[in-house]
Amino acid sequence: MNRILIQNAEIITMNEECDIVYGDLLIEGNKISKIGKNLSDHFTAETEVIHAGGKTVLPGFVQTHIHLCQTLFRGQADDMELLDWLKKKLWPLEAAHDKESLYYSAMLGLGELIQGGTTTIMDMETVNHTDSAFEAMAQSGIRALSGKVMMDLGDELPPALLEKTEDSISQSVDLLKKWHGHDNGRIQYAFCPRFVVSCTEELLKQVRDLSQKYNVFVHTHASENREEVRIVEERHGMRNVEYLDHIGLSNERLVLAHCIWLNEREKQIIKNRKVKMTHCPGSNLKLASGIADVYELSQNGSSISLGADGAPCNNNLNMFNEMRLAALLPKPYHSPASMPAREVLKMATIGGAKAVGLEKEIGSIEEGKKADLFLLNLRDFHSYPSDTVDPISRVVYSASSHDVETTIIDGRMVMKDRQLKTIDKEHTLLQSNASIKRLVSQL
């Protein structure tokens, strides 16, 4: 059994009391076994010791809306609004993916996420070759919920993305049976209908039933763009969240990305049905989709977590950027204190864990929980002075992904001293360039 002893750290636990502990942390196997002062008596010859004086330990970030399949398209679709962005750029690129390109797209994103302290993701793939992404996730050591995207409706879809309903369902179930629960539950499956615009009611109702049958999450987009809302309302006579509720999909297993354009009834549905909402401020700004009113939703008691979305609509997968934006955007509309750093860090950690049903296992640093955490070195110009400053304020407002030194997932050190242990960085960079060149040449 592996043992890791982290000594003399500032430990931001994100437990119920948001305790900050100065001392040691012992990892045995894949769990946090002890937190306290002077744990050196637990040292054995097999123990790996990390001297963390002056450094900060945090629970790993949980990003609840990611598209690993799109990381390869970073910089390919700038300065467009959502529906044009999808039709003219993203869907043709996704349709061109092959097994190899999807694998390196996933690896490229996973390397960035791990380097930035993200230890758990809720990911949505594309229609084809999803096995390749799961293989990358399994190899990287990330904790993940993921699934193939489902699209059985749309006259402007590339032929490679337009599925028959029965094929979309059967392929999704096959992937679930293969990957759900992989590596002692580190990898889980989620059904991923893209959004109401690209899904028939038959498909969505089958997803509803399969989610209940297998007790797995449904991950989709909703109310990201005003034109998207108009199309849904014209087709179904009701808005996105109202429609999803009407067909019985609104429950505690539903995770909705964006939720910018909601009416009051939809906000109440999200609250009353315990639907989970993912806030993606960087993506929403770049696509000019709007700004989700997370302050009102959080005051309402709704579950809100954070995600970077995809690299072509954000250009990075950096949770520090998302936290800063989530904290700053509500302030001009409500008050300077409307979204304090502590609440935003909760969204990025324990809030994300709650969104994916893993709050008893991850999301905070507590004895008995899984060892998903990272070490942050804030000893630099951009994050000083440190004395008399709230440590959580330093993390949310000053820190960057480059300050992350070591990342541990499921008790395994996947990055140490900025060196990735599970991903060959240079090979991935080389192959990602070769892959995007190949795909673009096909278009």
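**View 1. The largest cavity of this predicted model encloses about 110 Å³ of space.** Welcome to a structure that is a predicted model, not an experimental one. Thirteen residues line the largest cavity, and those closest to its centre are Leu 82, Trp 85, Leu 86, His 221 and Glu 224. Which helix gives the most to this lining? That is helix α1, residues 82-96, with three residues. By character, the lining of the largest cavity divides into six nonpolar, four polar and three charged residues. If you search the whole structure for cavities of 30 Å³ or more, you find one.

**View 2. The largest pocket holds about 510 Å³ of space.** Its lining is made of 24 residues, and the closest to the centre are Glu 343, Lys 346, Ile 350, Gly 351 and Lys 354. To find your way around the largest pocket, look for α11 (294-299), β14, α13 (341-348) and α14 (350-355), each of which supplies at least two lining residues. The lining of the largest pocket is a mixture of nine nonpolar, eight polar and seven charged residues.

**View 3. The second largest pocket contains about 350 Å³ of space.** Here 18 residues form the lining, with Arg 74, Leu 108, Gly 111, Glu 112 and Gln 115 nearest the centre. Two helices to look for are α2 (99-115) and α16 (425-442), as each supplies at least two residues of the lining of the second largest pocket. Helix α2 gives the most, with five residues. Sorted by character, the lining of the second largest pocket has six nonpolar, eight polar and four charged residues.

**View 4. Strand β13, residues 276-279, is covered on both faces.** In a regular strand, side chains alternate between the two faces of the sheet. In β13, Lys 276 and Thr 278 are on one side, Met 277 and His 279 are on the other, and all of these are buried. Now turn to the neighbours of β13. Strand β12 (residues 254-258) runs parallel to β13 and is joined to it by three bridges. Val 255 has Lys 276 in β13 as its bridge partner. Between β12 and β13 the chain passes through helix α9 (residues 264-272), making a right-handed β-α-β crossover. Strand β14 (residues 303-306) also pairs with β13 in the parallel sense, here over four bridges. In that pairing, Thr 278 stands opposite Ser 305 of β14.

**View 5. Strand β6, residues 61-66, is largely enclosed by the rest of the structure.** Why can β6 be called largely enclosed? Because six of its six residues are buried. Strand β7 (residues 118-124) runs parallel to β6, and four bridges join the two. To see one point of contact, find Ile 66, which stands opposite Asp 123 in β7.

**View 6. Cys 199 is a buried cysteine without a disulfide partner.** A disulfide is a covalent bond between the sulfur atoms of two cysteines. How many disulfides does the structure hold? The count is zero. For Cys 199, the closest cysteine sulfur is in Cys 192, and because the two sulfurs are 10 Å apart, they are too far from each other for a bond. Cys 199 has a relative accessible area of 1%, so this residue is buried. Another cysteine to look for is Cys 18, which counts as buried because its relative accessibility is 7%.

**View 7. Asn 284 sits in helix α10, residues 281-286.** Is Asn 284 buried or exposed? With a relative accessibility of 1%, Asn 284 counts as buried. Glu 156 lies 128 residues from Asn 284 along the chain, and the C-alpha atoms of the two are separated by 23 Å.

**View 8. Ile 362 lies in the loop between α14 and β15 (373-376).** Being in a loop does not tell you on its own whether a residue is buried, so check the value: Ile 362 has a relative accessible area of 2% and is buried. To place Ile 362 relative to a neighbour in the view, look for Leu 373, eleven residues away in sequence. From C-alpha to C-alpha, Ile 362 and Leu 373 are 9.0 Å apart in space.

Note on methods: Residues are numbered from 1 along each chain as its sequence is written. This is a predicted model: local features need pLDDT of at least 70, side-chain atom pairs count only at pLDDT 80 or more; totals for chains, interfaces and linings use all residues. Side-chain values use heavy atoms; hydrogens and water are left out. Buried means under 20% relative accessible area, exposed over 50%, partly exposed in between (1.4 Å probe, protein chains only). Two strands pair if DSSP finds at least two bridges between them. A crossover is right-handed if, with the strands pointing away from the viewer, the path from the first strand over the helix to the second runs clockwise. A disulfide is a pair of cysteine sulfur atoms within 2.5 Å. On a 1 Å grid over the protein atoms alone, a cavity is a set of points where a 1.4 Å probe fits but cannot get out, and a pocket is an open set with protein on both sides within 12 Å along at least five of seven lines; lining residues have an atom within 4 Å of a point. Grid points are joined across faces, edges and corners, and a volume is the space filled by probe spheres set on the points. Ala, Val, Leu, Ile, Met, Phe, Trp, Tyr, Cys and Pro count as nonpolar, Asp, Glu, Lys and Arg as charged, and the others, Gly among them, as polar.
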